[in-house]
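Reader: I would like to go through this structure with you, one topic at a time. Could you take my questions as they come?

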Amino acid sequence: MTGSRPTSRMAAQAPWWEPGTASGYHALNYGHLVGEVVRRISGKPLKQFVAEEIAGPLGADFQIGAAESDWDRIAPVVPPPPLPIDLEALGMDSPAVKTFTGPVPVADYANTPDWRRADIGAANGHGNARSVARVMSVVACGGEVDGVRLLGPETIDVIFREQLNGIDLVLGVPLRFGIGYGLPLAAAVPYIPDEKICFWGGWGGSIILMDLGRRMTVSYMMNKMGPGVVGSDRSAAYVAAVYDAV
């Protein structure tokens, strides 16, 4: 978002819970928050910054939104079963209800022109497993890939500073967060070793995992969405198979 009404409205909101006491997954607006910081520092909206400062230098086939000339390359999103969350039972003041009704997530929106033209850094990135792995391998490889340095080692270390460890108020599952990524937690992701690893999974089953000890990136993306909000049984099986192999 560019100098946007959404970020102004978020800045004006009172906290939904006492800051520092719990996490609540920002399903659709995390990119707005990060994008506003990027815009104020670089003068570029997030879509442009990713294109010029990240994907471009790395040669990664990844975009926030999608150029119309690329629309014929995009596999249509196939929606998953309904989210297993009983919003009515939670009450209107629940962070989960506020998150998943403002707006209600509709997977089919991803197939529309408006979605592809938008700058929604948390949700409308377009690429494939290879391009996401290319971008995120910067983390796994100490900040530099093929001579392109985007992060310093001290910045990567910040990722692993634990911020919160407990039941997420939006997803209702145990999560352990560093800066910008989830960290291993056996109660939530038993298939991820408790090592210097950061990861995140997406609605429908996608997952990206950076293993710094092995300098390895595991990426799974799909257009046919399955059950699950932070990864799925499919992504768990793939990650487990990778670790069995290495």
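Author: The answers below cover the nonpolar cores, the salt bridges, some backbone details and a surface patch.

Reader: Before we start, what kind of model is this?

Author: This is a predicted model.

Reader: Then let us begin inside. Which residues touch the most other members of the largest nonpolar core?

Author: They are L171, Y191, I192, F199, L209 and V239, in a core of 22 residues. Two or more residues of this core come from each of the strands β6 (174-177), β7 (197-201), β8 and β9, and from helix α9 (233-245).

Reader: Take V239 from that list. What does V239 touch, leaving out residues up to four places away in sequence?

Author: V239 touches Y191, I192, I207, L209 and V218. Of these, Y191, I192 and L209 are also among the residues with the most contacts to other core members.

Reader: Which residues belong to the second core?

Author: The second core is separate and has twelve residues, among them V132, V139, F160 and C198.

Reader: I also noticed S137. Where does S137 lie, and is S137 buried or exposed?

Author: S137 is in helix α7, which spans residues 129-140. With a relative accessibility of 12%, S137 counts as buried, because the limit for that class is under 20%. Beyond residues up to four places away in sequence, S137 touches V145 and T217.

Reader: Changing topic: how many salt bridges are there?

Author: The count comes to 13. One of them is formed by E68 and R117, whose closest N and O atoms are 3.8 Å apart. E68 belongs to the loop between β1 (63-64) and α4 (87-90), while R117 is in helix α6, so this pair links distant parts of the chain, 49 residues apart.

Reader: How accessible are E68 and R117?

Author: E68 has a relative accessible area of 53% and is exposed. R117 has 46% and is partly exposed. The two residues fall into separate classes because exposed means over 50%.

Reader: What about D146, which salt bridge does D146 make?

Author: D146 meets R134 through their side chains, with an N to O distance of 2.8 Å. R134 is in helix α7 and D146 in the loop between β3 and β4, so the bridge ties together parts that are twelve residues apart in sequence. D146 is exposed, at 65% relative accessible area, whereas R134 is partly exposed, at 26%.

Reader: Which salt bridge does R214 make?

Author: R214 pairs with E195, at 2.7 Å from N to O. This bridge links distant parts of the chain, 19 residues apart: R214 is in the loop between β8 and β9, and E195 is in the loop between β6 and β7. R214 is partly exposed, with 37% relative accessible area, and E195 is partly exposed as well, with 39%.

Reader: And which residues are joined into a network by salt bridges that share partners?

Author: That network joins E36, R39 and R40.

Reader: Let us turn to the backbone. What is the phi of D146?

Author: Phi of D146 is positive, about 50 degrees, although D146 is not a glycine. The loop that holds D146 runs between β3 (144-145) and β4 (148-149).

Reader: R215 caught my eye too. What is its phi, and where is R215 found?

Author: R215 also has a positive phi, near 50 degrees, and is a residue other than glycine. R215 is found in the loop between β8 (207-211) and β9 (216-220). The relative accessible area of R215 is 54%, and R215 is exposed.

Reader: Where is the cis peptide bond that joins G102 to its partner?

Author: The cis bond joins G102 and P103, with omega of about -5 degrees. P103 lies in the loop between α5 and α6.

Reader: Last topic, the surface. Which residues make the nonpolar patch?

Author: V104, V106 and Y109 make a nonpolar surface patch of about 260 Å². V104 is in the loop between α5 (95-100) and α6 (113-117), and P103 is in the loop between α5 and α6 too. The relative accessibility of V104 is 47%, and V104 counts as partly exposed.

How values were computed: Residues numbered from 1 in each chain as written. Predicted model: local features only at pLDDT ≥ 70, side-chain atom pairs only at ≥ 80, totals over all residues. Heavy atoms only, no water. Patch = residues over 30% accessible without salt bridge, like charges linked within 9 Å, V, L, I, M, F, W, Y side chains within 5 Å. Areas by Shrake-Rupley, 256 points an atom, 1.4 Å probe, with all protein chains shown as cover. Salt bridge = Lys/Arg side-chain N within 4 Å of Asp/Glu carboxyl O. Helix = DSSP H or I, 4+ residues; strand = E, 2+ residues; numbered from the N terminus. Buried < 20%, exposed > 50% of the residue type's maximum accessible area, 1.4 Å probe, protein only. Contact = heavy atoms within 4.5 Å. Core = buried A, V, L, I, M, F, W, Y, C linked by side-chain atoms within 4.5 Å.
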